[in-house]
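Thank you all for making the time this morning. I would like to walk you slowly through one model, and I will begin by putting it on the screen.

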Amino acid sequence: MADYPPIKPEDMPALMPVYQPADVYFERGEGCYLFDDQGERYLDFGGAIAVTAFGHANPVLVEALHVQAKKLWIASNYYKSHLQEKVAKRLVDLTFADTAFFQNSGVEAWELGIKIIRKYFSAIGKPERYRVITFKNCFHGRTLAAISAAKAEKLVKGFGPPTDGFDQVELGDLAAVEAAIGPQTAAVVIEPIQGDGGIRASSPEFLRGLRALCDRHGLLLYFDEIQCGMGRTGKLFAHEWAGIVPDVMCIAKSIGNGFPVSACLASAKAAQGMTYGVHGSTYGGNPLAMAVVDKVLDLLAAPGFLDEVARKGWYLEAKLNDLVARHPQIYAERRGMGMMQGLRCAVPEEKVRKTARERKLLVMTANENVFRLLPALTVTETQIDDAVSILHDVAAAIQGQA
C-alpha cells in the first residue's frame, strides 16, 4: 500500500478520508443487485464483504426489522430479554458452544474472544499464560489488539507500540506452531479461510493438527468465522469440513445480513472466567439485532438450503476454474470454497476490479493481488453465469489494451 503524506488541515474533508471509495453512489438494493443514483444496476458479488448472505432488502428480514422497530429498539442489558435469550440458545444448540455474547461488530466479538482466553487462564490460576499464536496474512479487524495480532505494516504503522501478546507463524506450518508454543502461550486463533489475507483456506488436516496441538499443550483453539461462517462454504461453519470444534469462535457479517451485530461463542470451560461485571456492551444484543438474527437463522435452517449453497458453490468454482484456464494472462489462480472465492491476478487486481465495475460487476479486494467474490448465498446459477461472463469480457478488454 502506498505511504500517503499527511493531509493539510485546510484540505481535510468532512468525512475522514481513510477510504478511497469508488465514484458511485448506491441508493437501493434488491437481492443480488445494487442500483446507483443514476438508476444503473450492478451485479453485487462483493456482498458488502460477505455480509448480505440473503441479498439486499430481503423481505423476510425487512419485515422482521419493521415489526420489531415498532415495538422496542433497546432497553439495555440491565434487563432480561426473551429475544436475546432465544437467539443465544439457538446458536448454542447449533454449535459446540455453551454460551454466547452479542456485540455490534466483528472485531468486538473477536476481541472478546481474546479476553475470554486470557480470563480462562487467570481463572484456573495461570495468568502468566496470555500469549496467542496467529498466522501471517490474518485479519481480525481494526482495533489496536486486532492489528497487533495481524502485524501487517499497513495496519500497525504509525499507531505506536503494538499490544503485547501475539506471536505469528506461517499459515499451514504445524511444526512452526508447535515451535512457537511456550510457557506463556494460551491459545491459537485462526480464520479457517483467510478473507482479507487473500482467500487462503487451511486444509482440514491442518485444522485437525491445530486441535491436537492445543489439546496436547492445554491451549484453547479459537476460530474466527466472521467472514467464512454462517453458511458461506455450504456448511453452517467452515471448520465443520474438518470435523473438529473450537473452544471459542467469533461470528459476524452474514449473521445480521447488514444489520450491525456479532457474537462470540464459547464452551463452558473456556468461558468460566466470564463472570458478572467483567465485560459488557451498550448496544450488543439489542432487540432490533436479535429480531434480524432470529430470522437469519430461520433462513439458514430451511430444509436443503445449505446443500443448495454447496451445490451452487461448486458450480461457481467450476466456472472460475474454466475462467482461469482460458485467461491465464489475467487470472493466475482460483482460491476458496463455496460462496467465498478469490482470484489471484496476473495483472494488478485493482485494474481487474475497476474494469469489472465499469461493466457493472462488483467484487472485493484482498491481499496477495487477489480479488474476492462473495455473492449472496441466494445467488442463482444465471447470476453466476452473468458474473463469470463479465469476467471473461474483462480479461478480453485488458488483453486488448496490452
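I will start with the sheet, then turn to a helix that lies across part of it, and finish with a single serine.

Please keep in mind throughout that what you are looking at is a predicted model. In this model, seven strands come together in an open sheet with mixed pairing, and if you read across it the order is E4-E12-E11-E10-E7-E5-E6. The edges are taken by strand E4, residues 99-103, and strand E6, residues 166-169; each of them has a single partner strand, so one side of each is left without a neighbour in the sheet. Going from one strand to the next, the twist averages 20 degrees.

To look at one pairing in detail, take strand E7, residues 185-190, and strand E10, residues 220-224, which run parallel and are joined by four bridges. One residue you can follow here is Ala187, whose bridge partner in E10 is Leu220.

Now to the helix: H3, which covers residues 82-94, lies across E4, strand E11 (248-251) and strand E12 (262-266), and it runs at about 125 degrees to E4.

My last stop is Ser148, which sits in helix H5, residues 144-150. Is Ser148 buried or exposed? Its relative accessible area is 3%, and because buried means under 20%, Ser148 counts as buried. Setting aside residues up to four places away in sequence, Ser148 touches Val156, Pro162, Thr163 and Phe166. With Thr163 there is also a polar contact, in which the side chain of Ser148 reaches the backbone nitrogen of Thr163 at 2.7 Å.

Definitions and conventions
Residues numbered from 1 in each chain as written. Predicted model: local features only at pLDDT ≥ 70, side-chain atom pairs only at ≥ 80, totals over all residues. Heavy atoms only, no water. Pairing = 2+ DSSP bridges. Helix = DSSP H or I, 4+ residues; strand = E, 2+ residues; numbered from the N terminus. Axes fitted to C-alpha atoms, helices over the stretch in contact; angles between N-to-C directions. Contact = heavy atoms within 4.5 Å. Buried < 20%, exposed > 50% of the residue type's maximum accessible area, 1.4 Å probe, protein only. Polar contact = N/O pair within 3.5 Å; in protein donor to acceptor, adjacent residues only side chain to side chain.
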